[in-house]
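Visitor: Hi, I have the sequence and the fold open in front of me. Could you walk me through a few spots?

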Amino acid sequence: MTGTLSRRRLLELAGVGGVAAVAAGSGGVLIARGGESTGTGTGGTVPFYGEHQAGILTPQQHHLQFASYDVTASDVAELRDLLGSWTGLAARLTRGEDPYSGGSEFAPPDDTGEAGGLDPARLTLTIGFGPGLFDGRFGLAGKRPPELADLPRFDKDELDPAQSGGDICIQACSNDPQVAFHAIRNLTRDGRGGVSLRWLQKGFLSPTDGGAGTPRNLMGFKDGTANLDPTSADRMDTSVWAAPGAGVGWMAGGSYLVARKIRIRIEQWDRTALGEQETFVGRVKDSGAPIGGTEEHEAVKTSKLDVASHIRLANPRMGADSERERILRRGYNFDEGVDGIGQISAGLFFLGYQRDPRRQFVEIQSRLAASDLLNEYLFHTGSAIFAMPPGVQPGGYIGQSLLA
């Protein structure tokens, strides 16, 4: 860093308590557009600062922008500067504040402006670190957690390297798609010189029953019926939050995220009989009840299911030792127009938060890849794993426990 305050440093200071001073000193003002609501409605704000990062236990918003970056910073000081700036900017964005610059007409504005006047719509921004950050460039090799192991290649994977991996990720979730896009756009812009965008995935999700019911995926089935309850502190401690260990105490209060892009062979699925669809999934399409039942959340009777049905293999309520595998999921649908053979290109973007991907995601996905009846209709094209560090308090920055 130079002896003068860079734009990145100004934003960092703004995010850690110097908002008014920095705005006044730079000739600008801040315009707040969102209230400080912490309810579960579609509007208002979600606190950015806290013990854990927002966007993990937060009730799932309707829209997603997920960005993965390669780090181009030359040393750990530049990396620290980047994360400090991103933390300040993320805190400002989630509060719903727009900077208005009264500067020269010949200079770019401080903000791209497309979210001006919009409510933040419960925007959350969650930042994580991929295995590549621990490759030795920044002296962090000895701090790589064993849980952050490279994912194996599973049977039937059709992974695109351009849609996989990354050194740093940002998960932006909001009930307004333009707000989520604006956040990723401005964080990417602010990070120029320190990161380059590797891949970007957008998603959408519409809960049923006025927002209280289980959302449906693009195969038409309710998706997430057996998800972990994020309000259970005990379950979060045993299944989601990282275990502090020797050399990786910096992850205490964080979690591990697996991201998978799963495409659907939609035309083939749409020609499949309803009875077969329900057998393959293991649930009734309309109600979401397990086969042999009448209510969505009633106990699953394994004797009623095909041994290779999706929920028989994936549902952790079945099997003597499968309870330990449960994952907190934040799945989103995606639609990307038309594929190369004239069919609709769409699928599911899977986000799974967990304590240890080696014994949770890898074990579940290994079973699914080997035997799942849905493999005829689903294939994975993107894959990544990230360590999501704990939350931050005002005055600090995301990843400070790692880089301090």
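**A walk through the fold**

Guide: Happy to. Let's begin with Leu-368, which lies in helix H8, residues 361–371. Keep in mind that this is a predicted model.

Visitor: Is Leu-368 buried or exposed?

Guide: Leu-368 has a relative accessible area of 8%, and under 20% counts as buried, so this residue is buried.

Visitor: Which residues does Leu-368 contact, leaving aside its neighbours within four places in sequence?

Guide: With those set aside, Leu-368 is in contact with His-310, Leu-313, Ala-314 and Asn-375.

Visitor: And how far is Leu-368 from Ser-309?

Guide: In sequence they are 59 residues apart, while the C-alpha to C-alpha distance between Leu-368 and Ser-309 is 9.2 Å.

Visitor: OK, new topic: the strands. How many residues of S10 are buried?

Guide: Strand S10 spans residues 344–354, and ten of its eleven residues are buried, so "mostly covered" is a fair description.

Visitor: Which way does S7 run against S10, parallel or antiparallel?

Guide: S7, residues 255–264, runs antiparallel to S10, and eight bridges join the two. As one example, Arg-260 has Phe-350 in S10 as its bridge partner.

Visitor: What about S8 and S9?

Guide: S8 covers residues 328–329 and is joined to S10 by two bridges, again antiparallel. There, Leu-328 stands opposite Tyr-353 of S10. S9, residues 332–338, is antiparallel to S10 too, with five bridges between them. Val-338 has Ile-344 as its bridge partner in S10.

Visitor: Which residue takes a positive phi in the hairpin of S9 and S10?

Guide: That's Gly-342, with a positive phi near 80°. The hairpin has five residues between its strands.

Visitor: Switching to charges: how many salt bridges does a search of the whole structure find?

Guide: The search finds 16. Asp-157 with Arg-260 is one to look at, with the closest N and O atoms 2.9 Å apart. Asp-157 lies in the loop between S4 and strand S5 (168–174), whereas Arg-260 is in strand S7, so this pair ties together parts 103 residues apart in sequence.

Visitor: Are Asp-157 and Arg-260 buried or exposed?

Guide: Both Asp-157 and Arg-260 are buried. Arg-260 is also the residue we met earlier as the bridge partner of Phe-350 in S10.

Visitor: What does Arg-263 pair with in a salt bridge?

Guide: The side chain of Arg-263 meets that of Glu-336, at 2.8 Å from N to O. This pair links distant parts of the chain, with Arg-263 in strand S7 and Glu-336 in strand S9, 73 residues apart. Glu-336 has 33% relative accessibility, so this residue counts as partly exposed.

Visitor: Which residues are joined into one network by salt bridges that share partners?

Guide: Asp-135, Arg-137 and Asp-167 are joined that way.

Visitor: One last pair, please. Where are Arg-185 and Glu-114?

Guide: Their side chains meet in a salt bridge of 3.1 Å, N to O. Arg-185 is in helix H3 (residues 177–190), and Glu-114 is in the loop between strand S3 (97–101) and strand S4 (124–129), so here too distant parts of the chain are linked, 71 residues apart.

Visitor: Why is one called buried and the other partly exposed?

Guide: Buried means under 20% relative accessible area, and Glu-114 is at 17%, so Glu-114 counts as buried. Arg-185 is at 38%, between that cut-off and the 50% above which a residue is exposed, so Arg-185 counts as partly exposed.

How values were computed. Residues numbered from 1 in each chain as written. Predicted model: local features only at pLDDT ≥ 70, side-chain atom pairs only at ≥ 80, totals over all residues. Heavy atoms only, no water. Helix = DSSP H or I, 4+ residues; strand = E, 2+ residues; numbered from the N terminus. Buried < 20%, exposed > 50% of the residue type's maximum accessible area, 1.4 Å probe, protein only. Contact = heavy atoms within 4.5 Å. Pairing = 2+ DSSP bridges. Salt bridge = Lys/Arg side-chain N within 4 Å of Asp/Glu carboxyl O.
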